[in-house]
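Me: Please take a close look at one part of this model, beginning with a pair of charged side chains and working outward from there. I would like one connected account rather than a list.

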Amino acid sequence: ANPVYGQYDRKRRIQENIGLPDSLLSRFDLLFVVLDQMDPENDRRIAAHVIRGHRYQNAQGRVGHDSDYDDDDDETSDE
């Protein structure tokens with residue numbers, strides 16, 4: 001769950017940070033808190049890596065959005 005206040009506050013209890021009722025939290029045996037170190041340069045590197053991994057690449061190796069390579073626009077079609 002994301003922090004209630006937009007950013008995890010180490011001075012508050014876990015229950016206060018994630019805003020779920022104690023009755024629901026009591027069902028979990030373990031809670032793991034993952035904190036963002038707020039490093040803009042590292043965030044840019046991670047974002048660039050994710051974007052590179054999700055780029056569409058057609059059979060000819062061209063990169064772009066998958067809608068850019070519609071079958072109707074195939075260069076080898078007989079028109």
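**A salt bridge and its surroundings**

Reply: In this predicted model, the side chains of Asp 9 and Arg 12 meet in a salt bridge, with a distance of 3.4 Å from N to O. Asp 9 is partly exposed, at 27% relative accessibility, and Arg 12 is likewise partly exposed, its relative accessible area being 33%.

Both residues of this pair also touch Asn 17, for Asp 9 and Arg 12 are among its contacts beyond the neighbours within four places in sequence. Asn 17 belongs to helix H1, which covers residues 14-18, and it counts as buried because its relative accessibility is 0%, where buried means under 20%. The side chain of Asn 17 reaches the backbone oxygen of Arg 12 at 3.4 Å, so that Arg 12 offers its side chain to Asp 9 while its backbone oxygen is approached by Asn 17. The other contacts of Asn 17, again leaving aside neighbours within four places, are Asn 2, Pro 3, Val 4, Gln 7 and Tyr 8.

A search of the whole structure finds 2 salt bridges, and one of them joins the side chains of Arg 44 and Glu 41, also at 3.4 Å from N to O. Arg 44 and Glu 41 lie 3 residues apart in helix H3 (residues 40-53), and are therefore separated by about one helical turn. Here Arg 44 counts as exposed at 53% relative accessibility, whereas Glu 41, at 42%, counts as partly exposed.

Notes: Residues numbered from 1 in each chain as written. Predicted model: local features only at pLDDT ≥ 70, side-chain atom pairs only at ≥ 80, totals over all residues. Heavy atoms only, no water. Salt bridge = Lys/Arg side-chain N within 4 Å of Asp/Glu carboxyl O. Buried < 20%, exposed > 50% of the residue type's maximum accessible area, 1.4 Å probe, protein only. Helix = DSSP H or I, 4+ residues; strand = E, 2+ residues; numbered from the N terminus. Polar contact = N/O pair within 3.5 Å; in protein donor to acceptor, adjacent residues only side chain to side chain. Contact = heavy atoms within 4.5 Å.
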